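Dear colleague,

I am handing over the structure we spoke about, and below it you will find a description of what was found in it. Please keep the structure open beside the text as you read.

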Amino acid sequence: MLLIHRRDQQSWASECERLFMGTPMPKRDMQVDDPLEDFQPRQITLDRTAKVVHVAGTGPAVLVMTEMPGISPHVARFSRWVRDAGFTVYMPSLFGRDGAVPKVEEGSAVFQKVCVSAEFRAFAANEQSPAIKWLRALAKLAHGECGGPGVGAIGMCFTGNFALSMMLESSMLAPVLSQPSLPLDNPAGVDSSPEELAAVRQRLDRDDLTVMAYRFQGDRFCTAQRFAAYSEALGDRFIGRVLPDTAANQDTAPFFKHVVASPHSVVTAHLIDEAGQPTIAARDEILAFFASRLRPSTRAP
């Protein structure tokens with residue numbers, strides 16, 4: 001069962017209700033490549049590295065970091081939910097073909113390439129991926145462009161831990177970890193050094209912030225041991241949600257059906273877009289968490 005932390009329960013519940021009283025987003029076919037026509041593709045150079053970032057919306061900035069194997073129609077749908085909830089979405093292209101439905105052959109090729117990339121540390125426990133430095137710079141840029149008290153971020157799967165590592169950027173206020181899956185070869189490992197975790201914990205305590213995290217109970221990439229490691233390092237600043245496997249969508253793209261092969265993507269591929277579903281409750285809680293941290297008028301007490 002998905003429960004809301006008691007100190008945030010009332011403000012988050014009211015914010016969820018407000019966020020979704022407007023016109024619902026038109027349904028799109030998740031089995032067709034997404035043209036991303038309602039996002040502005042910007043080439044942004046930071047730290048001498050250029051990446052395409054898809055931007056949409058107005059309001060405080062939220063970085064949406066894609067899961068493997070890239071910005072799928074489901075990842076784009078989640079970004080549109082964030083946009084329609086009153087935020088400016090920055091969705092960087094980190095790997096894969098933007099907008100593509102994840103297929104087995106193409107997705108597997110992306111996965112293999114990224115695993116040996118110098119930008120990521122797929123198999124190194126307690127070691128930060130170099131890509132995080134660029135993402136911290138993007139968070140700082142987004143805050144400067146959008147204003148407000150700070151920015152939020154969500155990482156998914158391969159990028160799941162990145163939002164936590166980005167807490168060392170002072171503008172980051174609302175980190176969400178969705179099925180953090182690195183390091184791939186150590187179910188109880190985390191993609192941060194002990195020194196980084198200690199610095200993040202210090203900042204969470206100093207600024208009275210929390211980290212939200214989500215996983216399915218039977219996820220073979222994001223295990224109970226990993227959540228336990230985060231909980232041990234961050235204490236009650238880490239709020240972990242575990243959804244039952246029965247809450248996962250079974251009608252997924254080939255990559256998720258044959259390669260991932262377990263309930264995994266909480267707010268994207270395995271989300272069931274129907275009222276009352278646990279995955280929709282998770283989505284609503286994440287959006288309300290962003291609102292509570294990034295809009296002073298709706299901030300949790």
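Before the description begins, one definition will help with the account of a helix further down: an axis here is a line fitted to C-alpha atoms, taken for a helix over the stretch in contact, and the angle between two axes runs from 0 to 180 degrees between N-to-C directions. Please also bear in mind that this is a predicted model.

To begin with the whole, the protein has 9 helices and 8 strands, and of its 301 residues 57% are buried. Among contacts with a separation of 6 or more, 75% are between residues 24 or more positions apart. The protein exposes about 12,100 Å², and 52% of this area is supplied by carbon and sulfur atoms.

The sheet comes next. It is an open sheet of 8 strands with mixed pairing, and the order of the strands is β1-β2-β4-β3-β5-β6-β7-β8. At the edges stand β1 (40-46) and β8 (238-243), and because each has a single partner strand, one side of each is left without a neighbour in the sheet. From one strand to the next, the twist averages 20°. At the β1 edge, 7 bridges join β1 to strand β2 (residues 49-56), and the two run antiparallel; within this pairing, Gln-43 has Val-52 in β2 as its bridge partner.

Strand β6 (residues 172-178) deserves a closer look, and one may ask why it is described as largely enclosed by the rest of the structure. The reason is that 7 of the 7 residues of β6 are buried, where buried means under 20% relative accessible area. Strand β6 is joined to strand β5 (residues 151-156) by 6 bridges, with the two running parallel, and to strand β7 (residues 211-216) by 3 bridges, again with a parallel course. Leu-177 of β6 takes part in both pairings, since it is the bridge partner of Gly-155 and also stands opposite Ala-213 in β7.

Helix α9 (residues 278-294) is where the definition above is needed: this helix lies across β3 (61-65), β5, β6, β7 and β8, and it runs at about 165° to β6.

Two serines in other helices are also worth following. Ser-79 lies in helix α2 (residues 73-84) and counts as buried because its relative accessibility is 0%. Leaving aside residues up to four places away in sequence, Ser-79 touches Phe-39, Val-64, Val-89 and Met-91. Ser-165, which is found in helix α5 (residues 162-165), likewise counts as buried at 0% relative accessibility, and its side chain makes a polar contact with the side chain of Ser-192 at 3.5 Å.

Finally, there are the cysteines. How many disulfides are there in the model? The count comes to 0, with a disulfide taken as a pair of cysteine sulfur atoms within 2.5 Å. Cys-157 is in no disulfide, and the nearest cysteine sulfur, which belongs to Cys-222, is 9.3 Å away. Cys-157 is buried, with a relative accessible area of 11%, whereas Cys-146, at 24% relative accessibility, counts as partly exposed.

With kind regards

Notes: Residues numbered from 1 in each chain as written. Predicted model: local features only at pLDDT ≥ 70, side-chain atom pairs only at ≥ 80, totals over all residues. Heavy atoms only, no water. Helix = DSSP H or I, 4+ residues; strand = E, 2+ residues; numbered from the N terminus. Buried < 20%, exposed > 50% of the residue type's maximum accessible area, 1.4 Å probe, protein only. Contact = heavy atoms within 4.5 Å. Pairing = 2+ DSSP bridges. Polar contact = N/O pair within 3.5 Å; in protein donor to acceptor, adjacent residues only side chain to side chain. Areas by Shrake-Rupley, 256 points an atom, 1.4 Å probe, with all protein chains shown as cover.
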